[in-house]
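Biologist: I'd like to learn how to read a chain interface and a helix. Can you walk me through it?

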Amino acid sequence: MISREEVLKLAELARLKVEEAEVESLQKDISSILAYVGQVSVVAGGNTSTTAEELPPALVRNIMRADTPRAGGDLMADKEEVLRSAFPTRVGDHNVVRKIIQKDE
Amino acid sequence: MSNLNELTIVEASKKLAAGEITSVQLTEACLSEIEKKNPSLNTFLEVFADAREQARVCDERRAAGESHPLLGIPLAIKDNILIEGRKVSAASKMLENYVASYDATAIQKLKIAGAVFIGRANMDEFAMGGSNENSAFGAAKNPHDPSRVTGGSSGGSAAAVAGHLALGALGSDTGGSVREPAAFCGIVGMKPTYGAVSRSGLMAMGSSLDQIGPLAKTVEDAQLIFETIRGKDSLDSTSIDAATYPARVAKKKIGVPRHLLKEGIEQDVLEHFEAALKKLESAGYALVDIELPSAPLALALYYIIMPAEASSNLARFDGVRYGLSLKGDSLIDDYAHSRKEGFGPEVRRRIMLGTYVLSAGYYDAYYGKAIAARKVLAEECARALQEVDAIVTPTTPSPAFTLGEKSDPLAMYLLDIFTVTANLTGNPALSVPMGTVARDGKELPVGIQLTVAHGDEPTLFSVGRELQ
């Protein structure tokens with residue numbers, strides 16, 4: 001069973017807060033799911049990172065296009081106001097976010 | 001005129017074209033059924049207030065000479081598909097008041113055809129679940145027995161069609177989320193070839209797996225919706241056109257992977273499955289035993305790959321630009337707080353699972369192995385489909401269960417045992433009703449699933465029609 005510390009570490013990596021009361025059930029649920037999906041250990045290979053070339057083309061293809069500016073015809077043209085209206089905290093046209101770079105104290 | 005809402009799309013379309021009925025009458029019939037049933041079935045998260053007005057505009061378009069088969073047909077739209085200017089929440093507190101800023105490509109195509117959007121259908125939160133019980137706004141109920149689940153994640157879409165609250169619906173299918181609720185509700189549900197329908201405007205869950213698919217009363221209706229929404233789209237680089245895969249010559253053979261049917265399937269479900277096979281035989285198809293040696297691993301692969309992709313896709317919900325935004329002690333705490341309150345337990349569980357299988361030290365053991373096995377599985381299916389037109393299995397091992405019956409997440413995942421393969425391999429698949437089984441005095445529908453080669457939707461529909 002995965003440990004309490006592992007659950008807390010996973011939550012931190014996943015940017016999730018977990019309640020104290022949830023930790024035990026998460027340990028249990030994640031462990032039982034991992035035990036089930038662990039069946040894949042019988043599969044040969046997979047120990048080196050698989051590249052896109054090894055997959056069937058129907059599943060994974062990289063598709064590139066030139067990075068050219070498109071004037072008009074853009075899906076989001078004239079949508080600035082709609083996007084701004086979704087801001088959680090808006091001042092004028094700005095989205096207010098928390099200050100992350102601070103002077104050394 | 002009564003019970004217009006019980007017509008199939010093809011029937012309604014003929015009546016509309018002949019001028020026997022109007023879209024307003026058809027839409028009103030659905031709305032009055034919604035008024036009767038939605039309070040108890042919880043099918044729709046929102047019924048669009050302008051549905052009648054949309055129908056009136058469709059009638060005007062017809063009067064002006066337009067004639068698409070979907071013109072004036074009321075459809076339910078799963079709550080993770082964007083319609084510009086309307087709320088779209090993925091049945092999550094995270095997006096409870098979010099308004100779509102553009103139309104999904106599938107929606108745009110339906111608007112051009114002239115479909116009426118009657119409301120946004122309930123679903124499992126962010127399409128994660130097989131019962132619709134993970135909706136942040138309460139489970140949808142099965143019209144055949146309201147004490148039972150609709151299946152999921154497109155549960156509201158399936159119940160809307162089965163309960164005659166809409167004539168058809170759009171859902172999304174990442175591991176069976178169209179086909180499984182279609183089977184539980186006794187209707188037809190289809191997962192197109194990977195890329196056949198643009199995902200622009202569909203909220204992403206597992207990007208190598210997701211497809212938008214139709215839910216309908218008949219195979220013909222599902223085909224009509226699919227033909228309308230399919231097509232290559234510059235806004236989805238994974239989209240393909242009808243000519244991407246070569247046309248195939250019918251072999252009149254159906255493959256049955258009997259090695260997958262030996263255990264875990266309820267006896268009367270299996271009896272219906274055998275009866276459906278007989279039907280195919282009498283329609284001139286030869287039944288062939290096939291082996292898909294990696295298929296028993298499919299569910300394990302799926303529950304590695306899907307959470308890995310979902311945890312990455314859902315990283316965008318951090319409360320900074322849109323959605324639920326809560327304040328904590330620091331920026332990182334803002335994220336964690338917003339995501340804890342915004343996401344329900346199953347979504348958080350899958351995000352953590354995805355984070356685990358992608359983390360250094362476990363990546364090779366889980367994700368690396370899963371990707372390698374996925375390739376093998378895809379090759380096995382491709383090989384089998386060189387010999388046969390379609391592979392058949394039951395859609396689910398059992399009929400709809402009662403609400404709250406499956407509290408263990410793994411028990412819930414096992415429902416997807418037959419459906420995930422098509423998502424992993426990218427093949428198109430269809431669930432068609434194959435009769436009902438009795439449970440606690442109620443007749444509950446079960447479905448048969450057909451899987452065909454990439455791009456071979458014509459065969460999917462033609463074999464599907466034999467099973468109706």
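Modeller: We'll take the interface, then one helix. This is a predicted model, with local features needing pLDDT of at least 70 and side-chain atom pairs pLDDT 80 or more, while totals for chains, interfaces and linings use all residues. Residues are numbered from 1 along each chain, chains are lettered from A in the order written, and side-chain values use heavy atoms, without hydrogens and water.

Biologist: What area is buried between chain A and chain B?

Modeller: Interface size is often given as the accessible area lost when the parts come together. Here that's about 5,000 Å² (1.4 Å probe, summed over both parts), with 68% from carbon and sulfur atoms. In contact (heavy atoms within 4.5 Å) are 51 residues of chain A and 67 of chain B.

Biologist: How many salt bridges are there between chain A and chain B?

Modeller: A salt bridge puts a side-chain nitrogen of Lys or Arg within 4 Å of a carboxyl oxygen of Asp or Glu. The two chains share six, including A:Lys79 with B:Glu84 at 3.9 Å, N to O.

Biologist: Which residues of helix α4 of chain B are buried?

Modeller: An α-helix has 3.6 residues a turn, so residues three or four places apart point the same way. Helices here are DSSP runs (H or I, at least four residues). In α4(B), residues 105-113, the buried ones (under 20% relative accessible area, 1.4 Å probe, protein chains only) are B:Thr105, B:Ala106, B:Ile107, B:Leu110 and B:Ala113. Their cover includes α3 (51-63) and α7 (219-229) of chain B. After the helix comes B:Gly114, with a positive phi near 100 degrees.

Methods. Buried area = accessible area lost by both parts, 1.4 Å probe. Buried < 20%, exposed > 50% of the residue type's maximum accessible area, 1.4 Å probe, protein only. Helix = DSSP H or I, 4+ residues; strand = E, 2+ residues; numbered from the N terminus.
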